[in-house]
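Me: I am new to this structure and would like a close look at one helix and what packs against it. Could you walk me through it?

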Amino acid sequence: MILLMNANPLDAYQALWEGAFGTKNAVADTLVKATPLLLVGIGICISFRGGVVNIGGEGQMIAGGLAAVAIGLQYKEADPTTVIIACLVGSFIAGALWGGIAGVLKAYFNVNEILSTIMLNQIAAFGMMYLVRSEFIDPRQKGRAAPIPETERLPRSLDLPRIGGTLDDLYDFLGLSSADANQWGTTLLHNGIVIAFVLAIVVYILLWRTTIGYRIRAVGKNPRASRYAGIKVKRYVVLSLLLSGGFAGLAGGIQLLGVRHRMNAEGGAIAFTGNAGFNGIVAALFGGLHPLGTIPASILFGALLVGGNKLQRSVQVPSALITALIGLVIIFVVASDVFVRRRSRRRVAVATSEASAETAGVRASL
Amino acid sequence: MIENLLTASVLASGIRLATPYLYAAIGETFGQRSGVLNLGVEGVMLMGAFTSLWAVHEITPVGATSYYAPALLAGVLVALLVGLLMGLATAVINVTLQAQQGISGIGIYLFGLGMSDLLFQKVFRGQVITVNGFPKVNIPVLSDLPVLGEVFFRQNLLVYLAFALVPATWFVLNKTTLGLNIRAVGQNPEAADAMGISVTRVRYFTVTLGGMLASLAGASLSISLVNVFQQNMTAGQGFIAVALVYFGAWQARGVMFGALLFSLVNALQLQVRTKGIDVPDEAASMAPYLLTIIALIFASRRIDQPAALTKPFERGE
């Protein structure tokens, strides 16, 4: 595909790599881009393990972003730490509710969740544009002839704390710090990535170490057997989508407090989400639908996105290439699944035939 | 207010705007009837929209002021070819490789979205190019009827063809052996297989046909309805088309009524905008999606979904 654009592939790969990991700034960019992917991705792990295909990350992120900006603007004067926490909790709840709609529709009205979440994405996008143009618009834009459709910027006290300085201290402590001016402290890296890492571990524990997680996975594996086992399947379908939507909503909230600081209706939904609602699915699939596997996968895709921008600037390859590539990655991942499944089935078949051969042998010896 | 809005010209544009929905949803109906959910329609539409416009642009003589028939024919053929290739790829992924259909479709969508944009940037440098698309064809006598003439019989060829597909689809699905095989494969692939029907071959056929029709749906946008290409110009119509198949209960006629309902809402939306009636733009844009969800709630009450939908088939030993 890169050849198609008449660019030298080697140059392109080098640009991609340099763009993503070449400098401390680039690494910071990569991690910042990876944050929403990871949060959406761990939500996707929950829903897909629960047998629910949540394509609604985009809409849930927008719901979360809107909630965060609304809470932040409402309590500009209050204690910043409390407000930041309130914003993040609010964004989780908003995303959860938006995802929960699809959950209720699936569980109680038998509406295919893939279709309903896609529709909810569009509704959220238009809803956001409407709100930002009317209710939420920056008072300073109101009187203008051509108002920019955006909200007020949240006060700087509500920006997620940057963690570059801490990293520099750590470097000093380890004696690694270099004399050059290029320090972590000047990068835009915020603590959202730390929150995302911690939550990935929490979700891993939830899914594999708690009853709720066990039931979510049981419902995903075999809903009928789960029903016979006394699990309230419908409730767990809704729960999967609630949690999955919640993490996407939180991704929106963190994106807002950490990167955007305001909602802007120009450029539509994608300008805010950066397609993370979809790309998070890719990261999760690539990470084997495992929250911990999603960590490196989302960093990889964050790097791809950042490198893609660099690619565009240095070898004139449009970043649409990255969208197309991500599409191909999804296809390859889901298409190669069959080989994994076949192999595991063969292993089971071999095991059972060996077992039966053994019993036959035992019987013969009797 | 309603009289003001429901004029003959709005109804005519409602009919016209139904074309992309119809092609895409009818193609999807074939696929779903045989048990394959193809969510990549939107991506295939975008590719069809771009490549057909490209072909028309290349072949039309420079400076032409009206349509150039060979170019339009080439546009349609190119769209069909692109659809054929993407449809075949979809079939390999979903039928042979048994990918999870909900997700592979998103992959195909993102590929089409990115690839069509990439080509657009590359070929036209992102400039919006207008082409001379399909002209209106007035059907003799009928087009002179009052109101009905304007609404139904002064449309272009792709519009007529789309509506002609509805009875054709009904006929193929319900009155031919091929249709019987398609339905059998969608309801009970094991039994169909035991009867000697090749599940794989039937599904390859329906999915490829679906790809071709989806691509044609894109072409009907770019070289017959708006005559330009823009990044992401389908704006969710492919996904709505998939929903329409559920809405129409897997019947060609139901799909057509669904398509008309949606296109009429679209036409009204445009009318509301041009008349400057005080409805928020976004509320009007949101309407089709809300409508889809409501439609899905009612559609799901009936239980005539093909039993094997989204389930890959693997021959037992």
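Reply: Here is a walk along one helix of chain A and its partner.

This is a predicted model, in which local features need pLDDT of at least 70, side-chain atom pairs count only at pLDDT 80 or more, and totals for chains, interfaces and linings use all residues. Residues are numbered from 1 along each chain as its sequence is written, and chains are lettered from A and ligands numbered from 1 in the order in which they are written.

Let's start at Ser240(A), which sits in helix α11 (residues 233-260) of chain A; helices here are DSSP runs of H or I with at least four residues, numbered from the N terminus. Ser240(A) counts as buried because it has 28 C-beta neighbours inside 10 Å (20 or more other C-beta atoms within 10 Å, placed from the backbone, make a residue buried). Leaving aside residues up to four places away in sequence, Ser240(A) touches Ile46(A), Ser47(A), Gly50(A), Val52(A), Gly103(A) and Ile216(A); contact means that C-beta atoms, placed from the backbone, lie within 7 Å.

Further along, α11(A) packs with helix α3 (residues 57-74) of chain A at about 50°, the axes being 6 Å apart. Axes are lines fitted to C-alpha atoms over the stretch in contact, with angles from 0 to 180 degrees between N-to-C directions. α3(A) is therefore oblique to α11(A), a word for angles that are not under 35, over 145 or 65 to 115 degrees. Among the residues that meet are Gly64(A) and Ala68(A) from α3(A), and Gly249(A) and Leu256(A) from α11(A).

Conventions: Helices (H or I, at least four residues) and strands (E, at least two) are DSSP runs, numbered from the N terminus. A residue is buried if 20 or more other C-beta atoms lie within 10 Å of its own, exposed if 12 or fewer, and partly exposed in between; C-beta atoms are placed from the backbone. Two residues are in contact if their C-beta atoms, placed from the backbone, lie within 7 Å.
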